Structure formats: structure tokens, C-alpha cells
Amino acid sequence: MELRTTNICMKNFKSRLPDVTFYSRESEAACGPRGSVVGFSGSVSEKMLSGLHYPGCPEARLRSLREKLPCREVQAGTLLAIMGEPEQYCYPSIFIYGHRATGKSHVILTLLKELELPHAAVSCVECVSAGLLFEQTLLALFGADSAALLPRLPSLSDFVRVYRQVCAQQPAKQTRYIVLERAELLRDMEANLLPGLLRLQELVDDNVAVILLSEIVWDKFRPNTGCFEPLLLHFPDYTKAELLQILSLDSNPSYTPELYSSYINILLGVFYSVCRDLRELRHLAALNFSKFCEPLEKGEAKEGNTHKLWRNIEPHLKRAMQTVYLREVSSVQWGQQQMDEKEATALRGLSALAHVELPYYSKFLLIAAYLASYNPARTDRRFFVKHHGKMKKTSFLKKHEKTSNHLLGPKPFPLDRLLAIFYSVVDSRVAPTASVFSQISSLVTLQLLTQVGHDDQLDTPKYKCAVSLDFILAISRTVSFDIVRYLYDFI
Amino acid sequence: MNTSSVSKGCFVFKPSSKKRKRTVGIDEYFVDGNDDCGNGRERFNICQKLWEKIKMDTEILQDELNEKILESLLDFIKKCTLSFQSRTDDWASRMRASEIPTAALVLGVNVPDHDMTFQSLSDLLKNSVTPFSVSVQAKECTALKNLMQRVLERLMGVGVSVEEDEEDSGIHLPQKRVSCSISVLCQWYKTVTKKHAMKSPDKTCSENGFLQSPPIVVIFKDFEAFNPRVLQDFILICNRYIHELPLIFVFGIATSPSTVQHILPHSVSSLLCIELFQSLSCTQHLATVIDKLILTSQFPFKLTGKVLQVLVSIFLYHDFSVRNFVKGLQLALLEHFHSQPLSVLCCKKQEARHNAQKLSHKDVEMVRQLPSFMRYVETQEPQEQVQLLTSDDHVKEVCQMLLKGLRKYHKNYYPILRCLHSLTASLPKYPLGKQIRELHISCLEKNVWETNEYESAMQLLRLLAKDELVAALRKCADILKPGKTKKMKSALQQLEDYIIRFEQLDGMSIETLSGEEITSPGKDLQKKTDLFQLQKTLLEMKGSRRTKKMSPFEILRNETLDFIDGLVRSHLTPPELQPLNEVCYYSSSGVLRRHLNATPRTSIQTALSHPFYFLQNENLKTDAGTVSSAAPDICIVYKLHLECGRLINLYDWLEAYATVVSAAEGKDPDAEDYGKVDELKHARFIQSVSELEFLGFVKSTKQKTDHVARLTWGGC
């Protein structure tokens, strides 16, 4: 397959963005900066502010588009500008990035759907293999027959071959778009996949554009071998006002939109400082709204009485603040709690039941593992040998080891050391039975220990202890073992 | 086998057809080749019957224990299903429409027991909620691909086999592997539900009681063991399809619910709507099992204290697994019926009488040799003794009588044990143990009333206030009520009398108390300055207090407690004192421990350092710590390697080995080639070193090329 240079391809598309400079591979080699971010400030955005333009599209549809894309007109306008007229070639690949819930997928998919452009939207998380990705793309663009042409375990060149084949039968009248969500997963697939997709337009010789969506910046994508630089497009976070506008959209039909937006205003006042994630905020809004409306239901307050409503909801929001991001209680349970709570009972969330019941020896094995992970091996003599002879305090407490082992995290230790410590901390004589060993491996499956390096079992396996100090303190309290006395950090 | 041939050689013997038949059937194992008692088959049958009963009882028990949690889980799933359908009209449920309902089922660390719970859960689901439930295990889902494949296979595979009988045009699994994605599942689900709807168009429920669009329940059996990446991706994918597929997850969590947060990042866990379900703790579970299986006179088979101790300690110290406990019980049962010929008498009343009649002469001899029976004989009149030692028939008669006595003993033992436990379980510091099994074990081992703990428990009981005591006695009376034996009935009668007397006490107690004079010994004390004098007075005062006139309540309390003490003394005697207890009690705790809690490392070390222990060859018998030079090569090599440090020089090792082996060959120590390494010795040495390597004692090391590293610690 012949690879043409980008120059040829650059000729084919006509940019409607006079102020944006594109760097092709050639120019990149010459002048250094790799790719450019399309900015939304300055001259570009001022032109966009007037609204969305798309040639050959009725104004009414554009208006409905604008309604569906609140607070993202600028970005949508830029995108439309890049896409150009339907029959024109588009820039081969566009990379859109921005934090979670900034409307990346929403904007691009809405645009493509509303304007009825041929496109394939694939989430990379679903594609356990590249084959699935190819199949879904072909399926969406050309129908089921084309996907059947792919051989088993197709490679990128198979995909390109099949694409060319079907493309020859159905030549593109409009630009075809391939949208890949969570594109960061492409990096874990075959090495040639990402560079190949970026140049797909050249490879298949068709009017096709690949749009990659990710939460990660492009710098983390760039392969070592270099590749075609896509057009970078950043979706900034929503501002507070924008959040207010968006959240107000899903108002409850049984109340006026004004009430709901005043509710959202209160909510944002409380949570905006700790949480700007649209999804989380929406979740919180849905959780607490019924509580907010309670005085209205009871007839204690009118909709206009914002102050009273605020007084009523504020303590509940404060309480919800403790569990932001944690999702400790399911939304249904939260609702129930709010229904029947009278006093501030402690939330019986997921973390409330951190206590784990373990068999007696498992507890000691875990304690031994913890000691082995957080004590330097040379101090074992001091802690576990009865008559450890003279070990000078100064030499024992080496001052240069200022850093606490607990800050450094657990260190790996061999099985032998674990067992030696285990036998010296457990108070009775324990036979080295098979079940003691199997307990070690069950601790590993319970993720209380982790095995370091997947070596052969015969070859002295190494472990790390994966529990916290609080957890081990609770465990050792149940077997009345004073673990603090045995920890080097606390001596 | 003998042959008439004079010469040595190989002879073929065709096995006789009769012998070949012998190999079938498990019961044959009970009939030893050189059968000394003919009742093997009967013992096997009794054992089988008993085990079936025990198994059934435990299963019923398990179901009862799980009932509550499973029911709430089912309710949750049903509720979620309904909310899937009402999604569009309700604002609140529309707001959380993108969340996948998830049940976090916290089951405790006894992972082997979970299988049964999940089995009954999926049975329940299949019966009442949805035909679409899949359970997946971590070990079959190492990658996302595998997980998807399992889920699709199990969901669609079942559906296909059902549908294909009716019509050919039904859905069939895609031939190509490539398309194992949830979108395929979506299409499949749509077709299946459409078909359901077509079958019963007029009703919301189809004929088998399922809702119109039954949910798809995915059960993750061992949540912790899953690869976090796989789970995260799977949840993300499912979330994309939640509007088309009513998915519900069940996480089987072994440790604590917070592992959900450890394994799933916020971006993923925010897609779930998690509800928590906590199962019964396994210690409670064990207590119930012991209560129903061990502390009952229902089963004739019993465990001695030591055996029970072994089983309980394996449970508490090692695995927390009730299933393993029951397995241990099964092993004890088998061992008992296998090793004790007289266990033929260990069965129900009628059967036991029948079997006692049929005892052979050999069996009767065995009965005579039982220690408990010998003790019984010694207590009899001389004439009776002669009878017992000579007449088989008389022994059989006596056996029946003694077995009856044993049954009676059990019928009285368990109610009284429960009474004593209910009285002492609320005492501070639990002198007789918190759990009834502890009390049971100490009663099995010795006369419980002779222990200090019993003494202190009784003293504490004598300090109880009236309402507490009466409440405790009421509880005892409740326990005794179902008792059928005469002794239990009379004990119940007396106990109720005491309770009535306590109640009658109320009216008169105040008057009697006020009439009593309280002497104040304080003033006498002040005069005394001498220490000796002081001690004497104090002792006197103590004595006088004891003789001090007691209130009627105190008198009655003492009387009641003496009555209870009497009950304990007469009914809670250790079973060892009962004649013929060997028939019912399994006592070899060592065997059980060896089987259930094996020590492979110790066994290997014993085999290597004391080859005589397993080989039983007289030549290998040596003093402790030494190995005969005639021992197998690996033993010699092992012994030599023990004397080395962490790194072993192979050549030195070989030299030492050659010397030892030469001595074994009986060569002259002064000869020229003594201790020389020839090819044979070299090969033998290399072989045994590689055997040691295989067993995990040494491994090759990169530090020094001609050295191996020791993997066991200790050494010189």
C-alpha cells in the first residue's frame, strides 16, 4: 500500500478557519511545535459567537442544535468549521480532550446525528481487540455485509483493504466520521493502530475523518516513532454559571423551573468549592431535591420563600458533603434515610463496616506480614529474639533513617521471613500445616496481601502487606497483641 | 500364590471372576480382606443412613440460615426490575437511570461456604424472578474478553437450547468469536423478550410468572479476586447499554464492603447504585450447626471432647468454614464405623437391639475387652461377674440394657447441659465459657463440678438478684419442657415449684428483713492496733457473717442452686464412665488431625531425616539425629546439606556423599579408591540433588555457578 505524503492530502481539504494554523508533519520537523491547539479566544471565537454555521443546513435545525448543546456553542462552532462542507475533505484526524463530563461525546455525537452525517461511534473500552473496533466501524458505515468481509483476527491492513473494497462500491458523497471514545485505550492495542487511524484518510483514499475523544492530553499519546499530528481541540471545564444553566435543565416536571434553578443555585453554593464534576453534581441534585421540596409538600412554605427553603435544606447538604464522591450509600437508600430520619444517625455506608472477621492464625499471619513489610529486616533480631545480646541503642536507631517507613509504603518480604515472624508472635506452638500455607494464599486472594513478582512457588515467593495501620491495629486488638510495640517507626 | 514349578520364573495368573466382582461397591472397603467380623456391611449401611440424615439436616439448616438474606436480596432485585420499567415516568428514577443497581453481598472470609449460598440464590432467581442469571468466578475471567464470553455464553447458551426445540429460525450463537460484545447481547435480549411478549400479549406477566422484561442478573462470586481492570471495563461497557438491558449486579464480597472503593475508582463506582447485604457471621453459623448436629440425642454417633476440640480449632484457627467442619464430621463418622467393629450397635433403638442379638462370639469377646465394660464388670456381684465372663447370651442381654442406659444418659445430658449453659452464660467473664460448645467439651472431658471454673460460676450464681435468678430459672424450665424422660419431668416439676416459691416470697421478705439486727463490727475494730489481733478479729467476723442468719430469699436461693448442682452432678458425668460408650463415641483425635490438618513439610522432613519411619526397614533404624549410610541417596544428600550454610558448594557435597556411600558399600577405609567418585556415584548424586531441588530444598543460584542455594532456613 502506498503511503502518500500529507501534503497531497492537505490540498484536498479546504479550511474555513483562516486564523488557525495547522502544522503538517513536514512543517513540524522544521519548526518544532507539534500540532496546535485550536483556541477559543481571540479572533477565532469572536467569529463563532455569532452562532453555528453549517452550509446547507436550515436555520431551524441549527437553532435546535444550539438548544441541545448548552454552553458549548463555541466548541460546536469550531468543530463545524473544521468539518467544512459535507462533500469537502475534512482534516484527517481530530483529537478532542477535556475533563470528564465536559460534553465531548455529547457535542460531537449530537452534531453528527442532528446533521445526519455518516458516522461510526465506537467506544474503545468495548473493543477487547482491534478486530471488534474494525467490525463495529464497518458495520456502522457500510452495513452488515461489509463487516462479514473481515477475516478472523483482522489486522489494520485487513481493515484498510476491506474499507477500500467496500468504499469502491459506495464512494463517499459526504465526509465519513469515525468517532473513537476513550481513545487512550488505543495505546494498549497494537502499536500500529493509533498511527494508522490518524492517517486513515490517506490509507483508504476516501473522505473520512477520525475523531478521537479522551480525558488525557495528546502528549501522552504520541508514539515514540512519531505519527501524523491530529488537530487538537480542548474542551474547558464548565464555569459556575454554565453548570447552573446545565443543571437547571433537568427540572422536575411537578415544580416550576425557577424553583429548580434556585435549588441548583443553593446546591452549587455548597458544593462548588469541593466538586465541579457535572455528573456528581447532578447525582447530588437528584438525591437532595425531595428533601428540598418537603416544606412545599407540607405547605409550610411557598415557592417564593427561598430563605426558608434554604434554611431547611442546608443541614442536609452539609451532611451530604461528607460523602461527596464516595457513593457510600446507594441513591435509593439515601432517599429512604431522608424519608425516615429524624435524628442525625450515622450513615451506614460501605466504609462503616470495615471490620473483617478472620481466622485466628490468619490474623497473626497478617500481623506478621505487616511487621515484615514495615520493619527493616535488620531490626527483626531486636524485636523477636528474646536475648538479642547487646545491640547498642545508637546503632539500632540509626538517625539517618529519618523517613518513616509508613510514609514509604510496604516493602516486599520473602515467605521465610513472614513465617519466622509469625512463629515468634503467635503465642502457641503451631505446626506448619498445609492450612497455614493455604491461609497465606487466601489472604492474597482477599487482597490483604499482594504477591510481588509472579515467580514459581518453589522460588521463594515475595509478598507485600496491603492493609492500613488502622486495619492492623483493629485486628491486633482482637487478639490482644500490642503491635505498636513491635513497629520500628514507633520506637 | 504358589506354583508347582520348581524353577524360578514369571507365571501369569488370571484373576478369577469372583475376585473381580469384589472391587465394585464402596461398602467393600468396610469388609476387610481377612474379615474378622462379619458385620462390615451392616456398619456401612448404618453409616450411610446416618450420613444421609446429617447431610440433609445441614442442608435444611443452611437454607434456613440463608433465608433472610436471600429474601431481602430477592426483594431488592424485584424492586430494581420494577424501577427499570417505571424509568420513564418518574423523575427521581429517571435521574438515576444511568446507574446499575448493585447488591454488595458481604459473606465473610469462609469462601468455600459461599458456593452453596450462591447456588441457592441462583435457584431462587431462576424460580421466581428471571431466567437470565449468570454467575462468574474470578479464575475464569482473567481478561475482559473471557468475562464477556462467559456472560454471553451462559446467558445465550441456555436460551438457545430452549428456543431451538420450538423453531429453527430462533437466535443462534454467532459462529464467529469476534462478535462477543454486549451489543450482540442486546439484540438477543430484544428478540427473546419480544418472543415472550408475543406468547402472552394480553398480560404483563408471562405464563411462568416472570415479568415482561426480566432483568439480567450477573453474580460476581468472588469480587476481591477479580482483576480490577477487567471489572472496571466491564462496568463501563454495561453502563453504555443500561437503557436497553436491565442489568443487575451482585458482588460476593468476602472481606468488607469498602473493597468496592478499593477496586473501583470513583468514575466507575459512580455508575453503580450499591446496596449492602450482610450475611450471618460464620461463628454464629457454626454455633447453630453444632447445636443441631452435636448437642442432640437424635444421632447415636457422638464425638469425644478431644475430637470435637480438633474440629472446632480447625474451624477457629484455620478456615472459618462450616462446610469443612461438616466434612470433618463426616470423616469422623466414616472412621468410627470403619475402625470400630462394635459400632454396629451405634444406631436407633430397635436396630440396636436387633444387632445386639446377632453379635457373634468374636464380637462378644470384643465387648468384654472394652475398658468401660471391664469397669462395669468389676462393680458387679461375683456371681454376676462369672456370668458376664462366661455366657455370651447373658452379655448380649446386658448389652441391650447398657445401650438403653446410654440412650437415657444422652436424653438427660443435653437438656441439663443447656440449662447449665443458660444459667452461666450471662455471668461476668463467662467462667464456664461463652459458647455452649466450650461447656460441652469440658463436661465431656472431666467431672465438671470438680473444676475451679464451676466453683466460681456457682459462687457468682449465689450472688444473683432475685429477678435475674427467676428469669434464668424460667429459661431453664423452658429448656426442660420438651424432655420426655421421667427424671427430666420430675426436675421440671421441682424447678417450677422453686419458681413459685420465689414469687410467694415477695410478700413476706420485707418484714423479715426489718426484724433482723445488723451488728456493726466497726467499733470493735478501732481498739485493735496489733496486726495479729486484727487478723484474728477479721477472721472471726468472717466466720460470724457466714453463720449470720440468712434471709428467706437467700435460703431459697441456696436451696435452688443446690438442686441445680445436684442435677449437674447426676447427669453431666463424662461419657467415659458410661459402660459401652466406645460404641457411640469416636475418640481418635490424632487420626482426624492428621487427615484434616496435614503437615506436608513435616512429613517430607521426617521421611528424609528418618527413613525408617516410612520404609520400616530394620537396617535404617538409627539413633536420633543420624542417618544410616545405607539409607536412600536422597536422605544422605539431605542430611549432608543440612550441615551447610546458605550456599552449598556442589563439589564438596559430592565428595562428602561419595565418602558416606563408600562406607555403606563396606569398602576398606584404607583402600586406594575409598571415597573416590565414580560415574555411578556421580549419577546417583546428581539425581538426588535434582530430587531435592524438585522438593524445594535447594535451587541453583546465579551468585556462584558451582553452588546451589538452600531454601530452608535453620542450618548449622
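pLDDT is the predictor's confidence in each residue, on a scale from 0 to 100. Welcome to a predicted model in which local features need pLDDT of at least 70 and side-chain atom pairs count only at pLDDT 80 or more, while totals for chains, interfaces and linings use all residues. Residues are numbered from 1 along each chain as its sequence is written, and chains are lettered from A, ligands numbered from 1, in the order in which they are written.

**View 1. Confidence along chain A.** Chain A has a mean pLDDT of 78, with 78% of its residues at 70 or more. Two stretches to treat gently are residues 1-50 and residues 341-347 of chain A: pLDDT stays under 50 over residues 1-50, where the model has 63 contacts beyond four places in sequence, and it also stays under 50 over residues 341-347, with 6 such contacts. A contact here means two residues whose C-beta atoms, placed from the backbone, lie within 7 Å. Where pLDDT is low, the predicted coordinates should not be read in detail. Among the elements of chain A, helix 2 (residues 25-31) has the lowest mean pLDDT, 37, and helix 17 (residues 360-374) the highest, 94.

**View 2. Strand 6 of chain A and its partner.** Chain A has 23 helices and 9 strands; helices (H or I, at least four residues) and strands (E, at least two) are DSSP runs, numbered from the N terminus. Strand 6 (residues 231-235) shows A:Leu231, A:Leu233 and A:Phe235 on its covered face, with A:Leu232 and A:His234 on the uncovered one. In a regular strand the side chains alternate between the two faces of the sheet. Strand 2 (residues 93-98) of chain A pairs with strand 6 of chain A in the parallel sense over 5 bridges, where pairing requires at least two DSSP bridges between two strands. One bridge to look for links A:Phe95 to A:Leu232.

**View 3. The open sheet of chain B.** Here 5 strands of chain B form an open sheet in the order 2-3-4-1-5, with parallel pairing. Strand 2 (133-136) and strand 5 (272-278) of chain B are the edges, each pairing on one side only. Neighbouring strands of this sheet are turned by 20 degrees against each other on average, direction ignored; axes are lines fitted to C-alpha atoms, for helices over the stretch in contact, and angles run from 0 to 180 degrees between N-to-C directions. Helix 4 (residues 111-128) of chain B packs on the sheet and touches strand 2, strand 3 (216-220) and strand 4 (247-253) of chain B, its direction making about 165 degrees with that of strand 2.

**View 4. Strand 5 of chain B, up close.** Strand 1 (residues 100-106) and strand 5 of chain B run parallel and are joined by 7 bridges. Follow the pairing from B:Ala103, whose bridge partner is B:Glu275, to B:Val106, which stands opposite B:Gln278. Strand 5 of chain B is largely enclosed by the rest of the structure, because 5 of its 7 residues are buried (20 or more other C-beta atoms within 10 Å of a residue's own, against 12 or fewer for exposed and partly exposed in between, with C-beta atoms placed from the backbone).

**View 5. Where chain B meets chain A.** This contact takes 53 residues from chain B and 48 residues from chain A. Elements of chain B that each supply at least two residues include helix 5 (144-164), helix 7 (228-240) and strand 5.
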